[in-house]
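Colleague: I should like to learn how to read the features of a model such as this one. May we take them in turn?

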Amino acid sequence: MKPKTAGKTMTGAGILWECIEREGVKDVFGYPGGAILPAYDALKHSKIHHILVRHEQGATHMADGYARAGGKVGVAVATSGPGATNMVTGIATAMLDSSPIVCITGQVGSKLIGSDAFQETDITGVTLPITKHNYLVTHANEVARTIREAFYVAKSGRPGPVLVDITKDAQQTSAEFDWDAAKPQLPGYRPDLSPEQKEYEQALDLIHKSKRPVILAGHGIIISGAMQEVRDFAERAGIPVALTLLGIGAFPAAHPLNLGMMGMHGEAWVNHTIQEADLLLAFGMRFDDRVTGNLKTYAPNAKKIHIEIDPAEINKNVKVDVPLVGDLREVLHELLPHVESIDRSEWLDLIDKLKGDSAVRDIQNLPDSGHLYAAHVINDLWRETRDGDTVIVTDVGQHQMWEAQYYKHEKARSLITSGGLGTMGFALPAAIGAKVARPEAEVWVVVGDGGFQMTLCELATIVQEKLKVNIAIINNGFLGMVRQWQEFFYERNYAATPLLNPDFAKLAEAYGIRSMTVTERSQVVPSVRSAREHDGPVLINFKVEQEDTVYPMVAAGASLHEMIRRPSKIVETAADE
Amino acid sequence: MMNTFVVYVENKPGVLTRVASLFRRRAFNIDSLTVGRTEKPEVSRMTITAEADHDQARRIEANLYKLVNVLLVENITHEPSIVRDLAMIKVAATHEARSHVLELASVFRARVVDVAPDSLTIEITGAEDKIDGLLEVLRPYGVLEMVRTGIVAMRRGKNTISPATAINGELEIAEDDVSQSV
């Protein structure tokens, strides 16, 4: 217990750090500048560890990675104007993936607001549509309540980013600090909804009548901490589980009821299963266009039950039969005792047949012909790191989809990736945040050569903070996913997708990071082992096949079952997992 | 169809922007928005009308609730309610036309609030279609200028949506307690 500080007079800057500390935060990610300098000066009185980033976008992704890996609120700090606007991409990323972060920005003095002062930007205006909520603080006596509210709003209900813009004078001037008196006052905020009894009964009725049900497992399971409940539910009712990209890890990959990822690059049998189903149980997912394909033909014969904490998601994309609005874990607790155990072996056998017809994981069986495929790299990385407490942080593009297909995640918070916004440049900084949140975990960045170059300045942050983060660049010399779209839909006109890259190994060495370049499959495992054994950060430049393609693929707007499949089918062997 | 929402919000800077921005962001078009004080200084009341089907209207409501500063949202489209718009219409009224314009205004129970040598300004309060009706018959004389407030709306009878209920939680409405149109 902290001693009571009622009546103590402190500067706004001092109150800021005191409150952040009391919220349980030990590390913040930031970059100083004029309007936030009073706060930086006050850091010397705080136990908080500040991690100096190289670009404010990095700070937001780090806070995001910290939140997703550690299940707690991440904090990013920046100055006014350009410092604040550099945060925009990271805030939007956290918004679309419901990640709880609090961004603190300095603002010009309150008397200068509106005068186009040096480094003045209306950042609350700019971030209004991409934050869950934001604040402008102009008095030291508003700091404590605002920070408490910001943390509460960020982490409760459907989590999201909250920005607090604090004027320079609000940081410099003093106010009485009283933690208890600064309780959040949010009369309009209701994060704690729960379904009605009638809705539970309707849901149970649909579940018990269904012969071909599928659970669609989303990010909400991980946020709600409902992994065990989902597992109990699936096992008791005998219902198979399909995962969204952000749902990966919410249900163990090795579980017999696990189907794998659904959607645009989901495994073919998963998409077919959804199309054949008579009941979809959506658990903390939002029917994103990347998982539904064409809505008109989506799961045409299925009733839908949607368990979701955000009422605004109900009937947004897909019309549902029974909405259960509330915290997933609590809702499943209510449902579980009433769920009857039903033999669904007929349905599961049918899915097995669909599975037999598919060969999404075919590429790992390609003979070692001197070519290096990204799938080889990811599959080998999985074999080597599967037993540990490993966190894979990916960027966006082909490598991200291959990771989702070839790395089998058994645990929640073991894959961190930008799903909703699809932010290139996310991986490296987010991995730093993940490592800071979970220092004991083995953290790997899996990143394309395009996305890596968007935020590679954060290599310096890794070195300065002495963080053991391993980086696997899946280097194909192209903006691979864009190139793939050009291949399929733009007559192979590779406009602006070939990349002229630096020597990534030399680049890493310039930062003092050990590096390797790998061009053959036989070198993959040794390089991964060597990286794991080294006690500092390691970068491996995997030079993979240049024009490889992610299969299967549901073209944008196509029906979920209309997938572009790999032209030459290769049958899986028993030796492959 | 046109939906009418009564929205209680915290009276804080930027709340109007948050509400307006929400409609723009979710691609709903505001037909009319009015905002004003309530009997509690910390609470403002908005009346918003927007074109939306049943499902869209429900999502507008849910999205409004996601705004932290929004206290209470009521879709009163299908509720017995009083809906009023106020307009001031400046009509060209030369000597010969003046008496005709005055007559029309009186038929519509509108008031003349300004008289100038070449014009009359008429104030009218009522449902939107009543104002549209007056406007229609005045147009031949020459409408020089017009301003409308946008609609304000309130449920009839004892079904009270007050700032106090907005702050203290759920609204309780007795379904049979509805007064007649007057």
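Modeller: Let us begin with domains. This is a predicted model, and the domain assignment of chain A gives domain 1 (8-182), domain 2 (197-356) and domain 3 (362-550).

Colleague: How far apart do the C-alpha centres of domain 1 and domain 3 of chain A lie?

Modeller: These two centres of chain A are 31 Å apart. The two domains also touch: 25 residues of domain 1 of chain A are in contact with 27 residues of domain 3 of chain A.

Colleague: Which elements supply the side of domain 1 of chain A that touches domain 3 of chain A?

Modeller: At least two residues each come from strand 2 (27-30), strand 3 (49-52), helix 3 (56-70) and helix 5 (88-96) of chain A. Helix 3 of chain A gives the largest share, 11 residues. By class, this side of domain 1 of chain A holds 10 nonpolar, 10 polar and 5 charged residues.

Colleague: How should one read the packing of two helices, and at what angle do helix 3 and helix 18 of chain A pack?

Modeller: One reads the angle, the distance between the axes and the hand of the crossing. Helix 3 of chain A packs against helix 18 (residues 427-437) of chain A at an angle of about 45°, and their axes are 6 Å apart. Because of that angle, helix 3 of chain A is oblique to helix 18 of chain A. The crossing of helix 3 of chain A past helix 18 of chain A is right-handed.

Colleague: Which residues of these two helices make the contact?

Modeller: Helix 3 of chain A contributes, among others, Gly58(A), His61(A), Met62(A) and Tyr66(A), while the residues from helix 18 of chain A include Pro429(A), Ile432(A), Gly433(A) and Val436(A). The contact between helix 3 and helix 18 of chain A comprises 11 nonpolar, 5 polar and 1 charged residues.

Colleague: May we set another helix pair beside that one? At what angle do helix 1 and helix 7 of chain A pack?

Modeller: Helix 1 (residues 12-22) and helix 7 (residues 143-155) of chain A pack at an angle of about 30°, with 9 Å between their axes. Angles under 35 degrees count as roughly parallel, so helix 1 of chain A is roughly parallel to helix 7 of chain A. Helix 1 of chain A passes helix 7 of chain A in a right-handed crossing. The contact is formed by Gly12(A), Ile15(A), Leu16(A), Cys19(A) and Ile20(A) of helix 1 of chain A, together with Val143(A), Ala144(A), Ile147(A) and Arg148(A) of helix 7 of chain A. In this contact of helix 1 with helix 7 of chain A, 7 residues are nonpolar, 1 is polar and 1 is charged.

Colleague: Turning to sheets, what is the strand order of the open sheet that contains strand 3 of chain A?

Modeller: A sheet is read from strand to strand across its pairing. Here 6 strands of chain A form an open sheet in the order 3-2-4-5-7-6, with parallel pairing. Strand 3 and strand 6 (133-137) of chain A are the edge strands, each pairing on one side only. From one strand to the next, the twist averages 20°. Within this sheet, strand 5 (residues 101-107) and strand 7 (residues 162-167) of chain A run parallel and are joined by 6 bridges; Cys103(A) has Leu163(A) of strand 7 of chain A as its bridge partner.

Colleague: Which strands are at the edges of the open sheet with the order 16-15-17-18-20-19 in chain A?

Modeller: That open sheet of 6 strands also has parallel pairing, and its edge strands are strand 16 (415-416) and strand 19 (514-518) of chain A. Strand 17 (residues 442-448) runs parallel to strand 18 (residues 469-475) of chain A, with 6 bridges joining them. Val443(A) has Val469(A) in strand 18 of chain A as its bridge partner.

Colleague: Which backbone values deserve a second look?

Modeller: Most residues other than glycine have a negative phi, and most peptide bonds are trans. Asn315(A), however, has a positive phi of about 60°, and lies in the loop between strand 13 (303-308) and strand 14 (322-325) of chain A. A cis peptide bond joins Tyr551(A) and Pro552(A), with omega about -15°. Pro552(A) is placed in the loop between strand 20 (538-543) and strand 21 (553-554) of chain A.

Conventions
Residues numbered from 1 in each chain as written. Chains lettered and ligands numbered in written order. Predicted model: local features only at pLDDT ≥ 70, side-chain atom pairs only at ≥ 80, totals over all residues. Domains from an automatic or database assignment. Contact = placed C-beta atoms within 7 Å. Helix = DSSP H or I, 4+ residues; strand = E, 2+ residues; numbered from the N terminus. Nonpolar A, V, L, I, M, F, W, Y, C, P; charged D, E, K, R; others polar. Axes fitted to C-alpha atoms, helices over the stretch in contact; angles between N-to-C directions. Parallel < 35°, antiparallel > 145°, perpendicular 65-115°, else oblique. Left-handed = near helix turned anticlockwise from the far one by under 90°. Pairing = 2+ DSSP bridges.
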